[in-house]
Amino acid sequence: MRKILLSTILLLLGITSMAQDVITTKDGNDIQAKILEVTTTEVKYKRFSNPNGPTFTISKNDVLIVKYENGEKEVFKDTPKTNSYKPNTTEKVSEGLNYSQYKDFYDKRYYVSQPGDPYSPGWAGVASFFIPGLGQGVAGEWGRAAWMIGVNIGLGIVTILSQQSFTNYITYYNRPFPLVYFASLAGRLAFGIWTITDAVKIAKIKNMYNQDIRGLRTAELHFSVSPFVTPTQLSENSTQAVMGLSLTLSF
């Protein structure tokens with residue numbers, strides 16, 4: 001009986017002496033584990049209560065401290081986050097450029113709408129549908145809009161005058177009228193369609209440029225979050241470790 005009891009005690013002591021690591025997460029949970037591997041981005045481990053079970057993975061950014069079986073501790077810092085972005089053009093752009101300076105850098109076919117885009121290609125197209133040239137103004141190009149509206153008014157005058165001439169010619173001569181009237185109609189229609197597509201193009205390209213400028217601003221901002229442990233004096237003979245996170249910003 002004594003041998004059985006002694007064997008049981010030794011077995012229990014053997015179990016408690018097994019290698020055990022503790023993973024403390026940033027939300028305050030302790031994971032009893034056997035760490036298998038620590039990579040540059042994650043920690044792989046098995047649960048201490050189930051060493052033959054599945055392998056788990058946790059991001060190092062979610063880990064505050066790891067206490068190893070030999071008593072060593074390791075504090076993990078977040079990988080600094082760089083706000084990289086994928087530009088819409090390979091050309092070098094900077095703030096303050098006019099549309100005419102960067103319009104050839106972009107291909108409107110690759111435009112993808114993003115929150116914060118200042119111009120609406122749809123509304124620009126609708127505006128130019130009703131008043132050719134107005135869509136360019138909606139997209140912020142009022143100088144371009146002014147001459148387009150002027151051209152449209154001129155074409156309208158030509159159409160009205162040629163229509164009157166067409167009516168009078170048919171009335172008095174009873175034969176086909178020269179193609180001035182029909183040419184003015186066709187020209188006005190073509191010009192109207194072109195102003196619609198041009199307004200949409202301008203809005204898209206200007207949005208792509210603004211996306212790149214926002215990306216440049218964001219890329220200049222770097223930040224990192226690091227855990228820290230600070231001893232706090234509670235009384236003359238008592239101290240307590242206080243854990244927290246520090247945020248570092250660089251511009």
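**Figure 1. R214 is partly exposed, with 24% relative accessible area, and bridges to D117.** This is a predicted model: local features need pLDDT of at least 70 and side-chain atom pairs count only at pLDDT 80 or more, while totals for chains, interfaces and linings use all residues. Residues are numbered from 1 along each chain as its sequence is written, and side-chain values use heavy atoms, leaving out hydrogens and water. The R214 and D117 side chains form a salt bridge, 3.3 Å from N to O (side-chain nitrogen of Lys or Arg within 4 Å of a carboxyl oxygen of Asp or Glu). Since R214 belongs to helix α6 and D117 to the loop between α2 and α3, the pair ties together parts that are 97 residues apart in sequence. Helices here are DSSP runs (H or I, at least four residues), numbered from the N terminus. D117 has 16% relative accessibility, so it counts as buried (buried: under 20% relative accessible area; exposed: over 50%; partly exposed: in between; 1.4 Å probe, protein chains only).

**Figure 2. K44 and E37 join through their side chains in a salt bridge.** The N to O separation is 3.8 Å. K44, at 27% relative accessibility, is partly exposed. E37 also ranks as partly exposed, at 39%. The structure holds eight salt bridges, and this view shows one of them.

**Figure 3. K103 and D104 make a salt bridge between them.** Their closest N and O atoms are 3.5 Å apart. K103 is partly exposed, with a relative accessible area of 29%, whereas D104 is exposed, with 64%.

**Figure 4. Y99 and Y102 pair edge-to-face.** The aromatic pairs come to seven (rings of Phe, Tyr and Trp, the last by its six-membered ring, with centres within 6.5 Å; planes under 30 degrees apart are stacked, over 60 edge-to-face, the rest tilted). For Y99 and Y102, the centres are 5.9 Å apart and the planes make an angle of 85°. The two tyrosines sit three residues apart in helix α2 (residues 99–102), so about one helical turn separates them. Both of these tyrosines are buried: the relative accessible area is 7% for Y99 and 2% for Y102.

**Figure 5. Y102 stacks on Y209.** With ring centres 3.9 Å apart and planes at just 5°, this pair counts as stacked. It links distant parts of the chain: Y102 is in helix α2 and Y209 in helix α6 (residues 180–219), 107 residues apart. Y209 is buried, at 6% relative accessibility. Y99 and Y209 are 110 residues apart along the chain, yet their C-alpha atoms are separated by 8.9 Å. Step back a little and you'll find that ring pairs join Y99, Y102, Y106 and Y209 into a cluster.

**Figure 6. The largest nonpolar core contains 14 residues.** A core is a set of buried Ala, Val, Leu, Ile, Met, Phe, Trp, Tyr and Cys residues joined through side-chain atoms within 4.5 Å. Look for Y99, Y102, Y106, I205 and Y209, the residues with the most contacts inside this core. The elements that contribute two or more residues to the core are α2 and α6. Its largest share comes from α6, which supplies seven residues.

**Figure 7. The charged end of R47 sits over the ring of F56.** It lies 4.7 Å from the ring centre (the rule asks for NZ of Lys or CZ of Arg within 6 Å of the centre and within 35 degrees of the ring normal).

**Figure 8. W123, V126, F129, F130, I131 and V138 make a nonpolar surface patch.** The patch covers about 670 Å² (Shrake-Rupley area, 1.4 Å probe, only the protein chains shown counting as cover for residues). Its members have over 30% relative accessible area and no salt bridge, with nonpolar side chains (Val, Leu, Ile, Met, Phe, Trp, Tyr) joined within 5 Å; for patches of like charges the limit is 9 Å. Helix α3 (residues 121–130) gives the most to this patch, four residues. F129 belongs to that helix, and at 57% relative accessibility F129 counts as exposed.

**Figure 9. A186, a residue of helix α6, is shown with T159.** The two are 27 residues apart along the chain, and their C-alpha atoms are separated by 9.8 Å. A186 is partly exposed, at 44% relative accessibility.
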